[in-house]
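Biologist: I would like to learn how to read a structure like this one. Could we go through it feature by feature?

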Amino acid sequence: MSDKCKKIYITTPIYYVNDVPHIGHAYTTIIADTLARYSRLAGMDVFFLTGTDEHGQKIEHAAKARGKSPQEYADEISARFKYLWDEFEISYDKFIRTTDEDHMIGVQKAFEVMFDNGDIYKDVYRGHYCVSCETFFTATQLVDDEFCPECGRSTTIVEEESYFFRLSKYQDRLLEWYESKPECILPKSKRNEVINFVKNGLDDLSITRTSFDWGVKLPEKLNDPKHVMYVWLDALMNYLTALGYGTDEKRMEFWPAKIHLIGKDILRFHAIYWPAFLMSLGLELPHHIGAHGWWTRNGEKMSKSKGNVVDPKEIADAYGLENFRYFMLREVPFGQDGDFSQRALIDRINSDLGNDLGNLLNRIIGMSGKYFDFAVKSDGVKTHHAAELAEAEEIFDQVEPYLYEVQTNRYLEELWKTLRIANKAIDTGMPWVRMKEGKEEEAMATIALVANILAKVSVLLHPFMPRTTQTIAGALGFDIDTESYRKLIKSNELLGDFTIEKIPPLFPRIEEPLVETPAEKAKAEAEKTKKEVKKTEPRKNEESGANLITIDQFFQVSLKIGTVIEAEEVPKSKKLLKLQVDLGEERPRQIVAGIKEWYSPEDLKGTQVCVVANLKPAKLMGMVSEGMILAAKDDEGLSLVRPEQPKRPGSSVG
Ligand code: MSP
């Protein structure tokens, strides 16, 4: 990447509106924001895109489960993403929604182009479909012949008329692309995975559905109104429609994208389908697709049902948004999974930010004030510290590629090396001794060297921590902008004469975690309730023991863990769902449960529940129910009681 490339287009995935934003979404967006900010600082014309993915069966279900129309529901969740990105000062240039009119027109246009050039044909599709992942799988990909290899939920066999995209036709051209552009997929190690997948053969891709409505209709000229587009075709096209493809194409000059940032779980869509669509449309391919790893909690994938999801807003509010940004971008090598812990975050803040960066600034504020009344001159640096300056400048000159290869951790590591050079220069230069010896010029040179290194670090760190670095720059008497970037970084200039301003420490030490984990919250809640119960008068029936049961009575109830293998709505019932639950018995139990308001069948399939297994069968709306599932309900709604870790169906609870 050089500054010759003046226009630069950076994207995040568009986020599904079936879930509220979590740390994984924040991670992708923060990486993209950092690249966009860096590129702007380097004087490039940036277009940074993010947004929400709002069509498809999954969203239709999620809306229905909440008694809302898909549009109403999408409006609500999309706004939450936008609100969070605004709170996080994400510098996006456009927030696209796949329900935007111009997006839908653009997708139809793309479909038409691909259809007209013979890449789309009509046939019948038969396959195993996972609604939750909006993906078809071949029989060999399924786990135990039935379950989705991605999310473990049960798949359904779908047979329907469908339009197909001739993906197989592009197999060789895709392989040529991966070969000829070794950096098209980042990190490079991920490229082999994709190559192997493609070498195994590509089937044509079903790109329309007739089984639901919530999607973009086909172009009118096809006159086939029962089809809507496959959500991934619709979604991927956002990268083009955001630039006006098919409507107002002025911004198409930003194409091809410099980088599509994504998580590793959606690499196949971006590294195979997307370039094939682009080839069919006769458009250039993106320069890079950058796939990051997952954030986990205690080694486990985060999910709502496990209750281990980290709320990025809560963490940013407690620890500081920019500290949180620094942590995410420093902690994990790009492409690898990272375990989120407050301890690791605290260590980074105290050590990298507090000790290395903050203390260095404090040291020169102190020394420049004490010896020179804060007035610093840089002219002695090259005479007295030429070697250290050259060493640091070599690093500053060479860090940029790390950023565009998304090795943000390496980039930061390199910057921190220069802080060490600065610290060492103080320890060996000993300005306090030089002052005593009357060698003021030497003392001044050391202080100025450190101030200049800090100035350059703050410029290069600016995209990661925009406000904090502006504060550091302010203390050193300059502003971070394209001009100071050009002077201090590109032209290796020094600050000249300037006055340091005393500012309070930027990174106060943190001793203990500031946010309670869900488990701690639950414990605190329980403690509180216990105390409150103690305070209140004991209830009469408890006092008299009328409400108490013996342990033997408790053991008369048979509680078991079951896996929901099928779930469907009960026609005409607002409340009931009919479930087939595997309790490790000969055949699954049919359980009819009044949970439809809170769960859709798709939410339940493949998940586990806790069942009262020895309840007398009862009939609900004419259907036999052979058990009851346990759930807790409060003002905020209903939540099923589930095992924390998956358990063998039929495991007893007690
Ligand atoms: N809508 C599709 C993307 C379409 S792009 C044309 C989608 N949306 S998503 O909301 O499910 O996921 C968006 C991104 O968040 C993905 O890149 C995914 O990898 C990332 N993450 C979701 N959970 C994550 C973690 N726990 N950790 C890191 N990122 C993960 O997929």
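Modeller: What follows is a walk from the whole chain to its ligand, one helix, a few single residues and the backbone.

Modeller: First, some ground rules. This is a predicted model, in which local features need pLDDT of at least 70 and side-chain atom pairs count only at pLDDT 80 or more, while totals for chains, interfaces and linings use all residues. Residues are numbered from 1 along each chain as its sequence is written, and side-chain values use heavy atoms, with hydrogens and water left out.

Biologist: How many helices and strands does the protein chain have?

Modeller: Helices (H or I, at least four residues) and strands (E, at least two) are DSSP runs, numbered from the N terminus. The protein chain has 24 helices and 27 strands, and its C-alpha trace spans about 100 × 80 × 40 Å along the principal axes.

Biologist: What share of the residues counts as buried?

Modeller: Buried means under 20% relative accessible area, exposed over 50%, and partly exposed in between, with a 1.4 Å probe and protein chains only. Here 54% of the 654 residues of the protein chain count as buried. As for contacts, the term means heavy atoms within 4.5 Å. Of the contacts in the protein chain with a separation of 6 or more, 74% are between residues 24 or more positions apart.

Biologist: Now the ligand. Which residues are the closest to the ligand?

Modeller: A residue is near a molecule if one of its heavy atoms lies within 4 Å of it. The ligand has 22 residues around it, and the closest are Ile14, Asp53, Gly263, Asp265 and Trp295.

Biologist: What polar contacts should I look at there?

Modeller: A polar contact is a pair of N or O atoms within 3.5 Å; within protein, one must be able to donate a hydrogen and the other to accept it, and residues adjacent in sequence count only if both atoms are side-chain atoms. In the side chain of aspartate 53, an N or O atom is 2.7 Å from a nitrogen atom of the ligand. Two contacts go to oxygen: a backbone N or O atom of glycine 263 lies 2.7 Å from an oxygen atom of the ligand, and a polar side-chain atom of aspartate 265 lies 2.4 Å from an oxygen atom of the ligand. On its own the ligand has 660 Å² of accessible area, and the protein covers 94% of that. Such areas come from the Shrake-Rupley method with a 1.4 Å probe; for residues, only the protein chains shown count as cover.

Biologist: Which element gives the most to the shell around the ligand?

Modeller: Strand 1 does, with four residues. The elements that give two or more residues are strand 1 (7-16), helix 1, helix 7 (231-236), helix 8 (238-241) and strand 11 (259-263).

Biologist: How do I read one helix, say helix 20?

Modeller: An α-helix has 3.6 residues a turn, so residues three or four places apart point the same way. In helix 20 (residues 482-490), the buried residues are Ser484, Tyr485, Leu488 and Ile489. Seen down the helix axis, they fall within an arc of 105° (taken from the directions from the axis to the C-beta atoms), so they line one face of helix 20. Their cover includes helix 1 (23-41), helix 14 (386-398), helix 15 (400-404) and helix 18 (440-461).

Biologist: Is glutamine 608 buried or exposed?

Modeller: Glutamine 608 is buried, at a relative accessible area of 12%, and is found in strand 21 (residues 608-612). A polar atom of its side chain lies 2.5 Å from the backbone oxygen of lysine 647. For contrast, take valine 309, in the loop between strand 14 (300-301) and helix 10 (312-319): valine 309 is partly exposed, with a relative accessible area of 31%.

Biologist: What should I look for in the backbone?

Modeller: Most residues other than glycine have a negative phi, and most peptide bonds are trans. Aspartate 145 has a positive phi, near 60°, and is exposed, with a relative accessible area of 67%. Asparagine 223 has a positive phi as well, near 50°, and counts as exposed at 64% relative accessibility. Cis peptide bonds join leucine 186 to proline 187, with omega about -10°, and tryptophan 255 to proline 256, with omega about 5°.
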